Amino acid sequence: MKKLLIVILLFVLCGTIGVQASVLAQTDTSTGNVTEQTTPADQTESKGGGIDWMQVIFAGSYLLGVFVLFPLVVYTNYQEKMLGDENPDKFKIPEDLSEEERNDRAEQVLVGIEEKLTPFTDDEGNEMITITSGAQARYMRHGLNYINTRLCPGDPVVNARVEEFLNVYKDRTTREFTGSKWILGCAIGILVFMGIMDIGILLSSFTLIHIIGITFYYLSSRTAKYALEKRMENFNSRKLGIIGGVMAALFAGFSIKEYVSINGGPWQRDYESEGTSTMILIVAIVMVAFFVGFLVAFFGILNFIINYSTSFINPLKKPEDWYAAKFKEQEVAMVS
């Protein structure tokens, strides 16, 4: 978690530096030359302000979300399918371990997994264990993946236990989209609007980055079953966003009818006031939609922190590295 926060801070800083650099080197459209660079103090005096934080958020969100977190989300979603489960025959059995040693090591890993999981009592009074956190899911995934791809135990009792744990893992890590459809709609609406205004814009690099940002938001908004149950218990809701409420409140204004009574006479529909209110609401909805649409990568980062911060899978960590970190010290202690 600490490493993730450090990476996030570094890339936000890079985004800030990039934005400021683009402000310092403006291109003169009339001559095609680069204008004279100005100091931050000059910018503050000329613009009457400091850093453009909204520009920093936009640029930093796309940099961090699209180029750093998006690959992690894609990799995690792919790797959560448990490598080695579908076709274990393609993995080579280690020659330096006998079958008994492989069975013993697999049993040791299973015991470690069982100790990590959360115990509970089912409706029939049976003592069970399950996954209730991302750290448990990641630990279980690494352990079962190590057994399937590196040990390939031959003991039927051990294999039956592995199969039981696999079923628990697959059930508890099933992901479901819990993000805001309003955010997706606004983000897609920006592309539609840009295409209507200028079809050439759709072929720009921004369009590609924005589409990746939309995909990143969708994938980062997929919540695992164990996290979804905890959210339901704590918030009594499947969603944590307020965007849907804001947009729904704006659209609710279209159903409002206005009436007027002139000199105490009968009440009549005031179509002129309704038309004015409708135009104001349309402008407000368009402004909010554009603002929300351009923040799709930012909301994706927030959902990544909520849904993946403790469960994302590091592509640089091999099963042997995980096993060495978790069990080698225990083996040395037992031998000594």
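Trainee: At roughly what angle do the axes of α8 and helix α12 cross?

Mentor: Happy to start there, and bear in mind that this is a predicted model. Helix α12 covers residues 296-308, and its axis comes within 8 Å of the axis of α8. The crossing of these two helices is left-handed. The angle between the axes is roughly 25°.

Trainee: Which word describes that pair, roughly parallel or oblique?

Mentor: The cut-off settles this one, since angles under 35 degrees count as roughly parallel. The axes of α8 and α12 cross at roughly 25°. The word for α8 and α12 is therefore roughly parallel.

Trainee: And how are α3 and α8 set to each other, oblique or roughly parallel?

Mentor: Helix α3 spans residues 53-79 and helix α8 spans residues 205-220, with axes that come within 9 Å. Their crossing is left-handed, and the angle is roughly 50°. That makes α3 and α8 oblique to each other.

Trainee: Let's turn to charges. How many salt bridges does the structure hold?

Mentor: Here is the general idea: side chains of opposite charge can pair when their charged atoms come close. One of the pairs here is R161 with E114, and another is D171 with K225. The total for the structure is 5.

Trainee: How many residues apart in sequence are the parts that R161 and E114 tie together?

Mentor: In this salt bridge the closest N and O atoms are 3.2 Å apart. R161 belongs to helix α6 (residues 156-172) and E114 to helix α4 (residues 99-116), so the pair ties together separate parts of the chain. Both ends are partly exposed, R161 with a relative accessible area of 25% and E114 at 36%. The separation in sequence is 47 residues.

Trainee: By about how much of the helix are E164 and R161 separated?

Mentor: Their side chains also meet in a salt bridge, at 3.0 Å from N to O. E164 counts as partly exposed, at 40% relative accessibility. Because E164 and R161 are 3 residues apart in helix α6, the separation is about one helical turn.

Trainee: Which residues are linked in a network of salt bridges?

Mentor: Put the two pairs together: R161 bonds to E114 in one salt bridge and meets E164 in another. R161 takes part in both, so the links join up. The network is made of E114, R161 and E164.

Trainee: What about D171 and K225: how many residues apart are they?

Mentor: Their side chains meet in a salt bridge at 3.2 Å, N to O. The pair links distant parts of the chain, D171 in helix α6 and K225 in helix α9 (residues 225-235), which lie 54 residues apart.

Trainee: Is K225 buried or partly exposed?

Mentor: The cut-off for buried is under 20% relative accessible area, and exposed is over 50%. Its partner D171 has 37% and is partly exposed. K225 has 32% relative accessibility, so the class is partly exposed.

Trainee: Where is the positive phi value in a residue other than glycine, and what is the value?

Mentor: For background, most residues other than glycine have a negative phi. The residue in question sits in the loop between α5 and α6 and is buried, with a relative accessible area of 18%. This is C152, with phi near 45°.

Trainee: How far apart in space are G134 and S311, C-alpha to C-alpha?

Mentor: G134 lies in helix α5, residues 134-151, and counts as buried at 6% relative accessibility. In sequence, G134 and S311 are 177 residues apart. In space, their C-alpha atoms are 4.4 Å apart.

Trainee: And what is the distance in space for K230 and T132?

Mentor: K230 is found in helix α9 and counts as partly exposed, at 38% relative accessibility. K230 and T132 are 98 residues apart in sequence. From C-alpha to C-alpha, the distance is 7.7 Å.

Trainee: One last one: which residues make the nonpolar surface patch?

Mentor: The patch has an area of about 300 Å². One of its members is placed in helix α7, residues 181-197, and is partly exposed, with a relative accessible area of 44%. That member is I188, and the full set is I188, V192 and I196.

Definitions and conventions:
Residues are numbered from 1 along each chain as its sequence is written. This is a predicted model: local features need pLDDT of at least 70, side-chain atom pairs count only at pLDDT 80 or more; totals for chains, interfaces and linings use all residues. Side-chain values use heavy atoms; hydrogens and water are left out. Patches are made of residues with over 30% relative accessible area and no salt bridge: like charges are joined within 9 Å, nonpolar side chains (Val, Leu, Ile, Met, Phe, Trp, Tyr) within 5 Å. Accessible areas come from the Shrake-Rupley method with a 1.4 Å probe; for residues, only the protein chains shown count as cover. A salt bridge is a side-chain nitrogen of Lys or Arg within 4 Å of a carboxyl oxygen of Asp or Glu. Helices (H or I, at least four residues) and strands (E, at least two) are DSSP runs, numbered from the N terminus. Buried means under 20% relative accessible area, exposed over 50%, partly exposed in between (1.4 Å probe, protein chains only). Axes are lines fitted to C-alpha atoms, for helices over the stretch in contact, and angles run from 0 to 180 degrees between N-to-C directions. Angles under 35 degrees count as roughly parallel, over 145 as roughly antiparallel, 65 to 115 as roughly perpendicular and the rest as oblique. A crossing is left-handed if the near helix is turned anticlockwise from the far one by less than a right angle, and right-handed if clockwise.
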